[in-house]
Every structure is written in structure tokens, then in C-alpha cells.
Amino acid sequence: MRLSPPTLPLLTLLAVCACTGYHRLEIIREREISPEITTAGTSPLPTFREDSFIPQDTLIFEDPEGNEVVVMKADVAENGEVIASDVITASYVTARFKNVAERGGRVDIRFQLVVPKEMIDRDWQLRFSPTMYIQEDSLLLEQVLLTGKGYRSRQLRGYEQYQRFLRSIITDSTVFIRQHQLEVFLKRNLPEIYRFRNDTSFVSDEEFASHYGVTEQQAVHHYTSWILVRRNEHRISRKDKMFRRYVKVPIVTEGLRLDTVMTDVDGNFVYEYVQPVKTRPRLRKVDVVLDGSIWWQDEMLYDVPRSAPLTFYISSLSTLADNTPHYLRKVITRKVEANTACYLDFASGKSDVDENLGDNRYEINRIKETLRGILDQSRFDLDSIIVTASCSPEGSWAFNRTLSGKRSASVSRYFGDYMKSWRDSVERNTIFSIDLTGEMPSETTEHREIRFISREHPENWEVLDLLVDADKNLSERFKQEYASISGLDPDVRERRLQSMEEYRYLMDELYPRLRTVRFDFHLHRKGMVRDTLVTTEPDTVYIAGLRALEERDYEKAAAIFKPYNDYNAAVVYCALEYNATALEILSSLEANDKVHYLMALLYSRRGEIRKAVEYYLLACEENPSYIARGNLDPEISELIRTYGLNQDLD
């Protein structure tokens with residue numbers, strides 16, 4: 001085949017480009033040039049800038065004793081003079097690991113993809129795939145593509161060729177009809193139809209056939225160019241095949257972090273990759289490795305060796321939790337009240353206690369048994385007994401008040417005498433021992449004086465109201481009448497009741513239940529001074545909160561620790577970045593190294609640098625382990641770098 005003159009320069013140019021790419025590829029292989037991944041803000045390339053000289057700040061504040069403290073990066077000269085130092089910080093430093101802080105249950109893994117300029121060629125596409133290893137799992141991250149300008153031009157040219165092919169496909173079916181021949185046929189043979197050629201009125205296919213003996217579809221089918229139809233259908237069936245022919249490498253739009261066209265190959269390419277990761281229990285580190293390849297169209301020219309792993313050590317505020325055993329705190333009231341009531345019958349208008357009247361003997365024995373049980377137990381001391389006697393409403397309210405007072409006093413004397421005689425009998429029957437020396441034990445039982453307090457309750461209308469409402473033998477009409485007099489003077493109310501036919505029933509059935517004597521026993525727990533007790537029972541709820549904090553489920557931990565408002569609650573709020581709440585809790589706690597460190601972190605977030613440095617140095621003095629810990633938390637590590645903290649302590 002003979003080539004035309006314009007074709008020769010084009011082939012010569014392609015050959016030159018191919019040789020250039022092959023030569024560059026050989027250099028990459030021989031020198032083992034490969035991309036690097038390194039911590040964000042750094043690069044493995046030994047480059048320095050003039051602005052690398054960063055002057056360090058000086059900070060002055062007072063320590064808790066009132067002494068002035070000066071904080072700055074400094075060196076000590078041979079003559080002992082302290083000289084502030086300017087540290088030359090390289091703009092790019094190779095680093096294979098980095099400490100990153102987890103906050104709010106997530107951590108941002110930041111690293112830089114650095115591609116040397118020797119790997120960048122206008123006719124190549126560099127494909128890089130980072131892989132993240134999280135405990136037992138691996139996660140393939142989104143690709144980064146560096147596309148040469150020539151490579152992208154060929155991609156676009158392939159799309160243009162494919163679009164030209166698509167445009168060659170006919171979409172209008174009328175193009176296939178031999179329009180002129182159809183019109184001539186109609187004009188000669190069916191002039192009635194021909195006159196409809198410019199008429200927009202609708203004629204159905206059935207009407208068309210009934211008038212002219214041939215359908216419109218048959219006429220159109222006869223004058224259709226089926227050669228053109230089959231050729232067009234063949235093009236449609238080849239769409240996928242033609243796409244693959246013209247578009248060798250489709251332009252990727254999904255699962256891609258970056259696709260950039262490189263137009264300048266005079267410098268290195270640096271891309272900062274940020275991948276958020278949701279933390280999980282016991283996650284301590286994350287490894288990232290990089291795989292890559294070089295492509296020319298759809299042909300892989302070079303498989304880039306896998307990079308060394310870049311390790312991110314994850315520091316979490318959950319490690320600051322206080323794991324000191326936490327026990328249940330129960331609020332147990334020192335003072336205890338108990339009460340009971342008995343139904344004692346008294347002779348009309350009398351206040352003396354008569355054991356032989358009605359059921360008095362049974363009721364009195366029940367109260368005595370209650371008193372013995374209280375006096376005989378070892379958990380409580382009896383302080384006082386309030387005795388309240390109440391009367392039924394018959395008689396005047398003033399008389400009943402005096403009578404109830406007398407009955408209360410009489411009952412108090414009766415049971416007071418009983419308690420004294422019972423104690424005396426107990427002491428007489430107590431067995432004592434003599435030791436080997438013939439001495440009797442010096443311990444004696446000390447009896448507390450128990451006060452009886454008498455109170456009167458003239459007429460027990462409250463209980464009568466309840467009894468009337470619950471009594472099924474009383475009619476609804478009576479209950480309504482009874483309710484209508486509830487607000488009247490007690491004596492007037494009693495006279496109204498006497499005029500009702502149900503009064504005799506009240507006297508016989510309900511009034512005796514109003515003549516009660518109520519005993520209120522006031523006791524306190526022996527040996528107890530405060531109301532709140534700390535038990536030896538582990539607080540399982542608190543333990544669940546610590547577990548949630550350890551697993552970095554901060555929302556759950558915050559809900560559990562909210563009622564406690566202690567140091568661990570502050571740690572959770574700090575992790576959730578509820579800084580004001582965390583600081584408020586810490587300010588109310590007893591000062592210690594843990595509290596001081598967390599306050600330093602919070603003040604650093606708030607931009608109160610002086611307080612942050614002060615609290616951090618205080619925490620390090622109290623607990624030197626915070627010297628190393630400070631480098632793990634970005635809020636503190638920034639203070640350490642800026643002010644050169646812990647140089648002496650370190």
C-alpha cells in the first residue's frame with residue numbers, strides 16, 4: 001500500500017511519541033520510581049521553602065502559687081543563657097505513621113498521594129487505588145486517575161466517532177418511503193386519495209380500504225425502501241460493538257475520587273486524600289496501601305509495585321475514662337414512720353381504757369404485739385409514738401374535742417405503762433455470764449426514753465365520707481343529701497343527719513368505725529447519720545455506660561451518664577464536642593490530673609490558650625504520663641509544638 005504524503009508525517013509523529021513513552025517507562029522501571037502515600041501536609045520529596053522558618057511564640061502566665069511562668073521554645077547557651085530558638089521545619093518530611101484523633105465516633109484518615117513528575121506523560125493514564133485495612137476487614141477506596149492530555153484527547157475523539165455513528169442511524173421512518181413514486185401512484189390510480197395529501201382531516205384505515213380497495217398501510221408498505229430499513233436496523237444492532245470499537249477506555253464517572261487532566265509535566269503531583277472512617281470497638285490503627293498502574297489506551301503498560309503501608313494510630317478520648325469501680329449509691333431515709341390503728345370502745349362519755357369492753361381485748365393485744373416487735377428488733381430505734389383518738393359525730397363538736405383529747409392521753413398512759421413493765425420483765429429474765437476472773441460484763445443495755453404524744457381528733461368526718469360513699473346499703477338519694485350538707489358546721493351537719501331516716505343505720509353500723517385510736521411510730525435507723533449510703537453492690541447501669549464509652553457509642557454513653565454528671569460524663573460530652581457542658585461538669589469536680597488534662601483540651605478548643613497551657617502543664621506535673629499523651633490529641637499537640645512544652649519534663 002502506498003502512503004500519501006500527509007500520512008507520513010503523522011505516522012512519524014506517532015512513532016516519536018511511542019519511543020518517548022517507552023523511554024520514560026524504562027526509566028521508571030530502572031530507577032524504581034513509584035508514587036508515595038504519606039501523611040497529610042508532608043511529602044517524601046526533600047523540598048524546603050523559605051517560609052519554613054516559623055518563629056515560636058512566648059506565653060506568660062501565673063502558676064497556682066502565684067509565680068510567673070514563661071513558656072517558649074528555647075535553648076541553653078554555653079554560658080547558661082536561655083536563648084529562644086527558631087526551629088527550621090521542613091515543609092515535606094517522609095512519615096510512615098501518624099497519630100489521628102477520633103471524635104464523635106469517627107476519624108478522618110488524611111494522606112497525600114505524591115506522584116513524581118517522571119511518571120506523568122501526556123499519552124498515559126495513571127490509575128491509583130488506595131486500600132484501607134481496618135482490623136480484619138479491607139476496604140477498597142475510590143480511585144484516583146491522572147490522565148494525560150493526549151490520552152484524554154483520544155478518549156474524546158472516540159466519543160466523537162461514536163456520536164457520528166449514532167447520527168447515521170435513521171430515526172424518522174418516513175425517510176424509508178419513496179414519497180414521489182407513492183404520490184404518482186395515487187395521482188394516476190386513486191385521485192380521490194391524492195387530494196387528501198394536504199388535508200389534515202383523519203381518515204381511518206378501514207374507510208380508506210372500503211373506498212379504494214387497498215389500505216393505507218398496504219400502499220405505504222409497497223413503496224417503502226426495505227434495503228434502507230434493513231441497513232438501518234443493522235446499524236442499530238451494532239451500537240454496543242461500535243461503542244467498544246471507538247471508545248477504547250470510557251471516561252469513568254462513578255466510584256472515582258479524582259480524575260484530573262495533566263497538562264504540565266514539569267512538576268510533581270500532590271493530592272490530599274481524605275477518607276472518613278466510623279470507629280469500632282477496640283480499633284487502634286488503620287493501614288493504607290496504594291496500588292497503581294500505567295495505561296496507554298486500553299493497554300496496561302506497567303503495574304506499579306504496591307506501596308509500603310501507611311499506618312494511622314487512632315487515639316480516642318474513651319481511653320481517658322476513669323475505670324475505678326463504681327458502686328450503687330442508695331438514698332435510704334434515716335427516719336422511718338409506721339402507723340396502725342385500732343378500734344377501741346369507750347363507755348359513753350368516758351375515756352378510761354376498758355379491756356373487757358367489746359373487742360377491746362383483741363385490739364389491745366394486737367397493739368402490744370406491734371410494740372414488742374418494734375422494741376425487740378435491732379434495725380430501728382423508736383423515738384416517739386403519736387396517739388390520736390377520734391370520736392363519732394354525735395354530741396357537740398366542743399365536747400368531742402375534749403373527749404378525744406382525754407382518750408388519747410388515757411391510751412398513751414396505758415401503753416406507756418405496758419412498755420415499762422415489759423422491759424422490766426425482759427431484764428429480769430435476761431441470762432448473764434461471769435468470765436474467768438469472776439467479773440460480770442460491763443456492758444449494760446441502754447433504754448431510750450420513748451415519748452408518747454397525745455393528739456385529739458374530735459369528729460372523724462373524713463372517714464365517714466368514705467364509708468357513706470362506699471356503702472351499698474345506702475340509697476343514692478341519701479348520698480346526694482349527705483353530700484349537700486358536707487360544707488356545713490359540724491354541729492349543724494350532725495343535727496341534719498339526725499332528721500334523716502338513715503341516721504339509725506349510721507349510728508349502728510358506721511359510727512363505731514369512727515371511734516379509732518391511731519398509732520404513728522416514729523423511728524430511725526440505728527447507727528445511721530446521713531441519708532445517702534454507698535453500698536458494695538456494683539452499679540450495673542454505670543458499668544454499661546463505661547462499656548458504651550469503651551465501644552465509642554457516645555450517644556448511648558451520654559444517656560447513661562447523664563444522671564451521674566461525673567468525670568466520665570464529661571469525657572463523653574467532650575468526645576461529642578459538647579464543650580460547654582463538659583467544662584461545666586469538670587469545674588464542679590474535685591481537681592486532679594485527669595480533670596486538669598481534660599480542661600486543657602477543652603480550653604484549647606475554645607481558643608483560651610493561656611488556660612489550656614496552664615492546665616496541661618499542671619496535669620503533667622501531677623501525672624507525667626500526660627507528657628506522651630499530649631501528642632495524641634491534636635488540641636494539645638498543637639500547644640506542645642507552638643510553645644515547646646515539656647522540654648525539661650521530657
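These notes go through a predicted model, from the chain as a whole to two helix pairs and one aspartate.

1. The chain overall. The secondary structure of the chain consists of 22 helices and 23 strands. Of its 650 residues, 38% count as buried. The accessible surface of the chain is about 39,300 Å², and carbon and sulfur atoms account for 50% of that surface.

2. Contacts along the sequence. Take the contacts in the chain between residues at least 6 apart in sequence: 73% of these join residues at least 24 apart.

3. How to read a helix pair. Two packed helices are described by the angle between their axes and the distance between the axes. The next points give both values for two pairs, with helix α17 appearing in each.

4. Helices α15 and α17. Helix α15 covers residues 540–550 and helix α17 covers residues 567–575. Their axes come within 11 Å and cross at roughly 30°. Because angles under 35 degrees count as roughly parallel, α15 is roughly parallel to α17. The crossing of this pair is left-handed. On the α15 side, the contact is made by Tyr542, Leu546 and Leu549; on the α17 side, by Asn568, Val571 and Val572.

5. Helices α17 and α19. Helix α19 covers residues 593–605. The axes of α17 and α19 come within 11 Å, and the crossing angle is roughly 25°. By the cut-off of 35 degrees, α17 and α19 are therefore roughly parallel to each other. The crossing of α17 and α19 is left-handed. From α17, the residues that make the contact are Tyr567, Ala570, Val571 and Cys574. From α19, they are Lys594, Val595, Leu598, Leu601, Leu602 and Arg605. Val571 of α17 is thus listed in the contact with α15 and in the contact with α19.

6. Where Asp633 sits. Asp633 is in the loop between α21 (625–629) and α22 (634–643). Is Asp633 buried or exposed? Its relative accessibility is 0%; buried means under 20%, so Asp633 counts as buried.

7. What surrounds Asp633. Leaving aside neighbours within four places in sequence, Asp633 is in contact with Arg103, Ser315, Leu317, Tyr597 and Leu601. With one of these, Arg103, there is also a polar contact between side chains, at 3.5 Å. Leu601 is worth finding in the structure: this residue is in contact with Asp633, and Leu601 of α19 also takes part in the contact with α17.

Notes
Residues numbered from 1 in each chain as written. Predicted model: local features only at pLDDT ≥ 70, side-chain atom pairs only at ≥ 80, totals over all residues. Heavy atoms only, no water. Helix = DSSP H or I, 4+ residues; strand = E, 2+ residues; numbered from the N terminus. Buried < 20%, exposed > 50% of the residue type's maximum accessible area, 1.4 Å probe, protein only. Polar contact = N/O pair within 3.5 Å; in protein donor to acceptor, adjacent residues only side chain to side chain. Contact = heavy atoms within 4.5 Å. Areas by Shrake-Rupley, 256 points an atom, 1.4 Å probe, with all protein chains shown as cover. Axes fitted to C-alpha atoms, helices over the stretch in contact; angles between N-to-C directions. Parallel < 35°, antiparallel > 145°, perpendicular 65-115°, else oblique. Left-handed = near helix turned anticlockwise from the far one by under 90°.
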